[in-house]
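This briefing is for a reader new to the structure. Please look over the sequence and the model before reading on.

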Amino acid sequence: RDLLTHTSGIGYAQIGSKQMTAIYAKAGVVGGIGVGNIVLADKMKTLGSLPLFHQPGEKWTYGLNTDLLGYLIEVVSGMPLNDFFRTRIFAPLGMNDTWFYLPPAKHDRLVTLYTEQKDRGLVKTPGDFSINGAFNPNYPATAGTYFSGGGGLSSTAYDYATFMQMLLNEGVHNGRRVLSKSAVRMLSANQIGALKMGNGNAFGLGFEVIPESNEGRSVLSPGSYFWGGMFSSTYWIDPKEKIVGQLFLNLYPNSHGDVHEKFKALVYAAINE
């Protein structure tokens, strides 16, 4: 539960605090996106030898928790994480365009990753592009071996909309149950109690949640749950309004991150009833 709610005390490599980034860099632990031919099991075993940044359950700290959960799945299932996802999630949902590393026949469909440069605006990420360490912006078109539970999947808006629709349907897709109704209820409920994320929202099992106490601070209805991707993507599920929404930009960093909130405002402004 502490791993699913980011309350374990594990920090984030590369994009965490200066202290976290330095400790993990020295140990060779990485954020799991565009990192080359390393193996999840090796890095998670190294992570297990490093100190926590606070006691489990003490506070909310975004970290490599989901990467560790990915390794836990490998141990319990006896399958590499990519095979588990393909067998248990992607194939049943018909998500045929979702991969850690794209099949060669799909390489030409990979969208370009852009970045911002002073006085030049948006440009394609250069060959020496770095996020606090080595990073290959074209990694989905490589034969990588790192299957990170916390990041690295490439998908299409259609595929991910299918995944979110399954959640909106309380675990069912096209008449087939993928998750139990209780699992969806738990992942979308406040699981951190009175702990604070800094914006008044709560956190479920893998998603940020709009609690009743925060009604009016977001256009999303209370009970909505959401998150975003590293390359300026945002997505949410609103059970009250029966909405799944997403906006994908493929940009890092993004100095106009408020575009996501403006997009949400436009979506809800279009609701007439």
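Which residues line the second largest pocket? The lining consists of Leu167, Leu168, Glu170, Lys181, Val184, Arg185, Ser188, Tyr225, Ile237, Pro239 and Lys242. The model is a predicted one. The points below cover that pocket, the nonpolar cores, some buried residues and a few backbone features.

**The second largest pocket**

- The volume of the second largest pocket is about 190 Å³.
- Two elements, α5 (157-168) and α6 (181-187), give two or more residues to its lining.
- Of the elements, α6 contributes the most to this lining, with three residues.
- Sorted by class, the lining holds six nonpolar, one polar and four charged residues.

**Nonpolar cores**

- The largest nonpolar core contains 52 residues.
- Tyr24, Leu64, Phe135, Leu167, Phe207 and Tyr225 have the most contacts inside this core.
- At least two core residues come from each of α1 (18-27), α2 (40-47), α4 (81-93), α5, α6, β5 (202-203), β7 (225-229) and β8 (233-238).
- The largest share of the core is supplied by α5, with six residues.
- Phe207 is in contact with Leu167, Leu187, Tyr225, Phe226, Trp227, Tyr235 and Ile237, leaving aside neighbours within four places in sequence.
- There is also a second, separate core of six residues, with Ile210, Trp236, Ile243 and Tyr268 among them.

**Leu187 in α6**

- Leu187 lies in helix α6.
- Its relative accessibility is 10%, so Leu187 counts as buried.
- Beyond its neighbours within four places in sequence, Leu187 is in contact with Leu167, Leu179, Gly204, Leu205, Phe207 and Tyr225.
- One of these contacts, Tyr225, is 38 residues away from Leu187 in sequence, and the two C-alpha atoms are 8.9 Å apart in space.

**Thr5 before α1**

- Thr5 sits in the segment before α1.
- Thr5 counts as buried because its relative accessibility is 1%, and the cut-off for buried is under 20%.
- The Thr5 side chain reaches two backbone oxygens: that of Arg1 at 2.7 Å and that of Asp2 at 3.4 Å.
- Further along the chain, leaving aside neighbours within four places in sequence, Thr5 is in contact with Trp60, Gln191, Ile192, Phe203, Gly204 and Leu205.

**Tyr71 in α3**

- Tyr71 belongs to helix α3 (residues 65-77).
- With a relative accessibility of 18%, Tyr71 counts as buried.
- Not counting residues up to four places away in sequence, Tyr71 touches Leu40, Ala41, Met44 and Lys45.
- Asp97 is 26 residues from Tyr71 along the chain, and 23 Å separates their C-alpha atoms.

**Gln246 in β9**

- Gln246 is part of strand β9 (residues 243-248).
- Gln246 is buried, as its relative accessible area is 18%.
- The side chain of Gln246 reaches the backbone oxygen of Ala157 at 2.7 Å.
- Ala157 is also among the contacts of Gln246 once neighbours within four places in sequence are set aside; the others are Tyr160, Ala161, Met164, Thr234, Tyr235, Trp236 and Phe263.

**Backbone features**

- Most residues other than glycine have a negative phi, and most peptide bonds are trans.
- Tyr252 and Pro253 are joined by a cis peptide bond, with omega about -10 degrees.
- Pro253 is in the loop between β9 and α7 (259-269).
- Asp119, a residue other than glycine, has a positive phi near 70 degrees.
- The loop that holds Asp119 runs between β1 (114-117) and β2 (121-124).
- Asp119 is exposed, given its relative accessible area of 78%.
- Asn174 has a positive phi as well, near 50 degrees.
- The position of Asn174 is in the loop between β3 (172-173) and β4 (176-177).
- At 73% relative accessibility, Asn174 is counted as exposed.

Note on methods. Residues numbered from 1 in each chain as written. Predicted model: local features only at pLDDT ≥ 70, side-chain atom pairs only at ≥ 80, totals over all residues. Heavy atoms only, no water. 1 Å grid on protein atoms, 1.4 Å probe; cavity = no way out; pocket = protein on both sides within 12 Å on 5 of 7 lines; lining within 4 Å. Points joined across faces, edges and corners; volume = space filled by probe spheres on them. Helix = DSSP H or I, 4+ residues; strand = E, 2+ residues; numbered from the N terminus. Nonpolar A, V, L, I, M, F, W, Y, C, P; charged D, E, K, R; others polar. Core = buried A, V, L, I, M, F, W, Y, C linked by side-chain atoms within 4.5 Å. Buried < 20%, exposed > 50% of the residue type's maximum accessible area, 1.4 Å probe, protein only. Contact = heavy atoms within 4.5 Å. Polar contact = N/O pair within 3.5 Å; in protein donor to acceptor, adjacent residues only side chain to side chain.
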